[in-house]
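User: Can you walk me through this model? I'd like to start with the sheets and then look at the odd spots.

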Amino acid sequence: MKLGAVTLFAHDVDRLAGFYRTALGLNDAIDDSPRYRELDGGAARIGFAYLGAYDLLDLAGERDPVGLRSILTFDLAPDVLEESVERAVARGAILVKAPFATHFGARMAVLRDPEGNAFRLNAAGAA
């Protein structure tokens, strides 16, 4: 078994998918706009579902868990960490924590996307 995709519920599917596509350079995988979009995240795809998906999935009682319910981590090469942070911020991300050395030998930055979801940019071996 392997993880195939992680899906974020989005107020604006196109805007949020577009943010990750342009800020992190991810490629489109599925475009069923405005209900659903998916980007190729490498090992797993990242989906963005419209809020109506709560009803389709019988999750209506759990509506709108955006923000700090989860965190996406994107691995990248050490030499592009700073540039990647700058590009994400220029496209609408909020920098929560500037790149710092982690206890497991990496450098990592913490950001929030335009809808408030947290994500990390992680450069292994860059500490």
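Analyst: What follows goes through the sheets, the helices on them and some single residues.

User: Ground rules before we begin?

Analyst: This is a predicted model, in which local features need pLDDT of at least 70 and side-chain atom pairs count only at pLDDT 80 or more, while totals for chains, interfaces and linings use all residues. Residues are numbered from 1 along each chain as its sequence is written, and side-chain values use heavy atoms, with hydrogens and water left out.

User: OK. What is the strand order in the open sheet that contains β1?

Analyst: The order is β1-β4-β3-β2, four strands with mixed pairing. β1 and β2 (27-32) are the edges; each has a single partner strand, so one side of each has no neighbour in the sheet. Neighbouring strands are turned by 20 degrees against each other on average, direction ignored. Strands here are DSSP runs of E, at least two residues, and helices are runs of H or I, at least four residues, numbered from the N terminus. Two strands pair if DSSP finds at least two bridges between them.

User: Which way do β1 and β4 run, parallel or antiparallel?

Analyst: Parallel: six bridges join β1 (residues 5-10) to β4 (residues 45-50). A10 has Y50 in β4 as its bridge partner.

User: And how many bridges between β3 and β4?

Analyst: Five, in the antiparallel sense, with β3 covering residues 36-40. Y36 is bridged to A49 in β4. Four residues separate the two strands in this hairpin, and G42 takes a positive phi near 90 degrees there.

User: Then β2 with β3?

Analyst: Antiparallel again, over five bridges. D32 stands opposite Y36 in β3.

User: What packs on that sheet?

Analyst: Helix α1 (residues 13-24) does, touching β1, β2, β3 and β4. Its direction makes about 10 degrees with that of β3. Contact means heavy atoms within 4.5 Å. Axes are lines fitted to C-alpha atoms, for helices over the stretch in contact, and angles run from 0 to 180 degrees between N-to-C directions.

User: Switching to backbone oddities. Where is the cis peptide bond?

Analyst: Between S33 and P34, with omega about 5 degrees. P34 is in the loop between β2 and β3.

User: Which residue has a positive phi although it is not a glycine?

Analyst: D58, at about 60 degrees. Most residues other than glycine have a negative phi, and most peptide bonds are trans.

User: Is D58 buried or exposed?

Analyst: D58 counts as exposed because its relative accessibility is 70%. Buried means under 20% relative accessible area, exposed over 50%, and partly exposed in between (1.4 Å probe, protein chains only). D58 lies in the loop between α2 and β5.

User: What about L59?

Analyst: L59 is in the loop between α2 (53-56) and β5 (71-75). At a relative accessible area of 35%, L59 is partly exposed.

User: Now the other open sheet. What is the order that starts at β5?

Analyst: β5-β8-β7-β6, an open sheet of four strands with mixed pairing. β5 and β6 (94-101) are the edge strands, each pairing on one side only. The twist averages 15 degrees from one strand to the next.

User: How does β6 meet β7?

Analyst: They run antiparallel, joined by five bridges, with β7 at residues 106-112. I94 stands opposite R112 in β7.

User: Which helix lies across β6, β7 and β8?

Analyst: α3 (residues 81-90), running at about 0 degrees to β7; β8 is 118-124.

User: Give me a residue inside β7. Is V110 buried or exposed?

Analyst: V110, which is in β7, counts as buried because its relative accessibility is 16%. Leaving aside neighbours within four places in sequence, V110 is in contact with I94, L95, V96, K97, F100, F119 and R120. The C-alpha atoms of V110 and T73 are separated by 9.1 Å, and the two are 37 residues apart along the chain.

User: And I71, over in β5?

Analyst: I71 counts as partly exposed, at 37% relative accessibility. I71 touches A118, F119 and R120, not counting residues up to four places away in sequence. From I71 to L57 the C-alpha atoms are separated by 22 Å, with their positions 14 residues apart along the chain counted as the separation.
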